[in-house]
Amino acid sequence: MVGVKLHPHWHDFRTDILGPLLRRCEDLALPVLMHLGFGENGDFRALCEAHPKLTLISAHAGFPFFKDLWKCRDDYPNLYVDLSSPYINEKLARATVRAMGPDRCLYGTDAPYGFPLDDGSYDYGEIRRWIERLPVSSEEQDRIMGQTFARLLHRA
């Protein structure tokens, strides 16, 4: 196991019940990917403040908060976002990288979901192509595509 995924949006639970689990993730240096929900199911500020050593990755560019979450970038150095999912598009991915910086953005596919193809399968390269078209250096693209995540896993 290299991390934990939590989905308070889909599974309808308040994030304030996660204290023991998140403390354990902090102790083990495991990153947490979370698809935040609304209201009590998505209080990313309280999570970051209560668990400053926790690497918290907000799924789908910070959905459903986007710009509100991005504004908190400097307040929470443990907060990252992934660029996965058909929830976002290339324009939003660009805005996310501009707001969060390439070192706080991570490539992801959101498999088994994705961009449907005519044969019933999914295109998992669409998001990679967005990243390749970003107005950032190739080194920054490399960090988005995996180097930052490897560092977060203490493997780089």
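1. Fold elements. Seven helices and seven strands make up the secondary structure of this chain. The model is a predicted one. From start to end of the sequence, the order is β-α-α-β-α-β-α-β-α-β-β-β-α-α. The radius of gyration is 15 Å, close to the 15 Å of the globule rule for 156 residues, so the chain is as compact as a globular protein of that length.

2. Dimensions and packing. Along the principal axes, the C-alpha atoms occupy a box of roughly 40 × 35 × 30 Å. Of the 156 residues, 47% are buried. Consider the contacts with a separation of 6 or more: 64% of them link residues 24 or more positions apart.

3. Surface and charge. The exposed area of the chain is about 8,400 Å². Carbon and sulfur atoms contribute 52% of that area. There are 19 positive and 22 negative side chains. The centres of these two sets are 3 Å apart.

4. Cysteines. How many disulfides does the count give? The count is zero. Cys72 is in no disulfide, and the nearest cysteine sulfur, that of Cys48, is 8.2 Å away. A disulfide needs the two sulfur atoms within 2.5 Å, so this pair does not qualify. Cys72 is buried, with a relative accessible area of 6%. Cys105 is in no disulfide either; its nearest cysteine sulfur also belongs to Cys48, at 15 Å. Cys105 has a relative accessible area of 0%, so Cys105 counts as buried.

5. Cis peptide bonds. Which bond is cis in the loop before α4? Look at Phe63 to Pro64: this peptide bond is cis, with omega near 5 degrees. Pro64 sits in the loop between β3 (56-58) and α4 (67-70). A cis peptide bond also joins Ala111 to Pro112, with omega about 15 degrees. Pro112 belongs to the loop between β5 (105-106) and β6 (115-116).

6. Positive phi at Asp12. This residue is not a glycine, yet phi of Asp12 is positive, near 55 degrees. Asp12 lies in the loop between α1 (8-11) and α2 (19-28). With a relative accessible area of 60%, Asp12 is exposed.

7. Positive phi at Asp110. Asp110 is not a glycine, but its phi is positive, at about 65 degrees. Is Asp110 buried or exposed? Asp110 is buried, because its relative accessible area is 14% and the limit for buried is under 20%. Asp110 is in the loop between β5 and β6. Pro112, with its cis bond from Ala111, is found in the loop between β5 and β6 too.

Technical notes:
Residues are numbered from 1 along each chain as its sequence is written. This is a predicted model: local features need pLDDT of at least 70, side-chain atom pairs count only at pLDDT 80 or more; totals for chains, interfaces and linings use all residues. Side-chain values use heavy atoms; hydrogens and water are left out. Helices (H or I, at least four residues) and strands (E, at least two) are DSSP runs, numbered from the N terminus. The radius of gyration is taken over C-alpha atoms; the globule rule is 2.2 Å times the number of residues to the power 0.38. Buried means under 20% relative accessible area, exposed over 50%, partly exposed in between (1.4 Å probe, protein chains only). Contact means heavy atoms within 4.5 Å. Accessible areas come from the Shrake-Rupley method with a 1.4 Å probe; for residues, only the protein chains shown count as cover. Lys and Arg count as positive and Asp and Glu as negative; His and the chain ends are not counted. The place of a charge is taken as NZ of Lys, CZ of Arg, CG of Asp or CD of Glu.
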